[in-house]
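I opened my notebook for a friendly look through this one, jotting down each thing as I looked it up. Here is the entry, with the model in view.

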Amino acid sequence: MNRTPTPPKLPVTIISGFLGAGKTTLVNQLLQQRAPGSVGVVVNEFGEVGIDGQLIIAEEQALVEINNGCVCCTVRADLVASVKALLARPQTGTAPMQRLIVETSGLADPAPVLQTFLADPDLREAVDLESVVTVVDALHLRRQLDDDIAREQVAFADVILINKLDLITEDELIAIERTIRSLNPTAAIITATRSQIRADALLGMRRFSPPRCSRSSPICSTRALTTTNMTRRFNRAR
Ligand SMILES: [Zn+2]
């Protein structure tokens with residue numbers, strides 16, 4: 001039985017979030033709910049060694065780690081090459097690869113990561129950016145938002161997972177949601193404790209949407225769109 005056609009584009013979920021927010025735990029939760037090998041993972045844990053000591057539990061042939069720099073600053077080309085390498089690998093898992101998860105380092109600004117994805121013509125053909133999920137630490141978010149990167153991670157998200165819900169009160173949750181909304185009025189907000197969430201609640205919903213543009217605009221290319229989107233969201237974040 002080999003009749004299922006390979007989908008034309010592999011959906012990609014980008015998982016962002018500040019140091020210690022629970023990104024790796026979330027990725028592992030999602031992997032556990034999918035057939036082994038069916039989710040390819042690219043992880044950039046630069047700067048996070050020793051923070052939570054967590055490891056991604058993925059099939060070896062479906063995992064690429066980028067540890068020699070941050071994907072938003074110094075190793076953007078590595079991100080593109082890693083995704084391409086992953087797509088080209090022979091698949092030995094029990095299921096064909098059906099999607100990709102990219103876990104960025106907690107220090108990564110999501111904007112250049114997105115731009116890297118959208119600016120590469122081969123990747124644009126091969127993958128479809130489904131959503132940017134930002135995991136936030138319910139207990140520490142408000143203090144972490146003093147950091148520009150943390151603010152941008154919230155501002156860029158299509159989905160915000162408020163994690164460690166068990167550590168805060170209901171009133172604190174309301175205050176956190178208000179803070180998040182001031183930075184990002186449109187993202188879907190979901191909550192979890194220990195990153196526990198049904199994979200169906202995160203994966204398979206296309207939420208990433210480049211802004212509309214006028215067809216007559218001479219600069220209306222994906223690159224220009226991306227930049228516009230970023231500028232818009234940066235402005236919103238400030
Ligand atoms: Zn960076």
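**Where two helices meet**

I began at a helix contact in this predicted model: Arg76, Leu79 and Val80 of H2 meet Pro112, Val113 and Thr116 of H3. Sorting that contact of H2 with H3 by class, I counted four nonpolar residues, one polar and one charged.

Next I looked up the geometry. H2 covers residues 76-88 and H3 covers residues 110-119, and the two pack at about 50 degrees with their axes 10 Å apart. Angles from 65 to 115 degrees would count as roughly perpendicular and those under 35 as roughly parallel, so H2 and H3 are oblique to each other. I also noted the hand: H2 passes H3 in a right-handed crossing.

**The core**

Which residues touch the most other members of the largest nonpolar core? I found Val42, Val133, Ile160 and Leu161, in a core of 59 residues. Strand E5, residues 127-137, gives the most to this core, with six residues.

I then followed valine 42 outward, skipping its neighbours within four places in sequence. Its contacts are Val64, Ile66, Leu79, Ser82, Val83, Leu86, Leu100 and Val102. Leu79 was already in my notes, as one of the H2 residues that meet H3.

**Two positive phi values**

I went on to backbone angles, with a reminder to myself that most residues other than glycine have a negative phi. Lysine 164 has a positive phi, near 65 degrees, and serine 195 has a positive one too, near 60 degrees.

Where does lysine 164 sit? I placed lysine 164 in the loop between strand E6 (159-163) and helix H7 (170-183). Is lysine 164 buried or exposed? The cut-off for buried is 20 or more other C-beta atoms within 10 Å; lysine 164 has 21, so I wrote it down as buried.

Serine 195 lies in the loop between strand E7 (188-191) and helix H8 (199-202). Its count is 20 C-beta neighbours inside 10 Å, and serine 195 therefore counts as buried as well.

**The whole chain**

I closed with the overall tallies. How many helices and strands does the chain have? I noted nine helices and seven strands. Of the 238 residues of the chain, 41% count as buried. Last, I looked at sequence separation: among contacts with a separation of 6 or more, 79% are between residues 24 or more positions apart.

Notes:
Residues are numbered from 1 along each chain as its sequence is written. This is a predicted model: local features need pLDDT of at least 70, side-chain atom pairs count only at pLDDT 80 or more; totals for chains, interfaces and linings use all residues. Axes are lines fitted to C-alpha atoms, for helices over the stretch in contact, and angles run from 0 to 180 degrees between N-to-C directions. Helices (H or I, at least four residues) and strands (E, at least two) are DSSP runs, numbered from the N terminus. Angles under 35 degrees count as roughly parallel, over 145 as roughly antiparallel, 65 to 115 as roughly perpendicular and the rest as oblique. A crossing is left-handed if the near helix is turned anticlockwise from the far one by less than a right angle, and right-handed if clockwise. Two residues are in contact if their C-beta atoms, placed from the backbone, lie within 7 Å. Ala, Val, Leu, Ile, Met, Phe, Trp, Tyr, Cys and Pro count as nonpolar, Asp, Glu, Lys and Arg as charged, and the others, Gly among them, as polar. A residue is buried if 20 or more other C-beta atoms lie within 10 Å of its own, exposed if 12 or fewer, and partly exposed in between; C-beta atoms are placed from the backbone. A nonpolar core is a set of buried Ala, Val, Leu, Ile, Met, Phe, Trp, Tyr and Cys residues joined through C-beta atoms within 7 Å.
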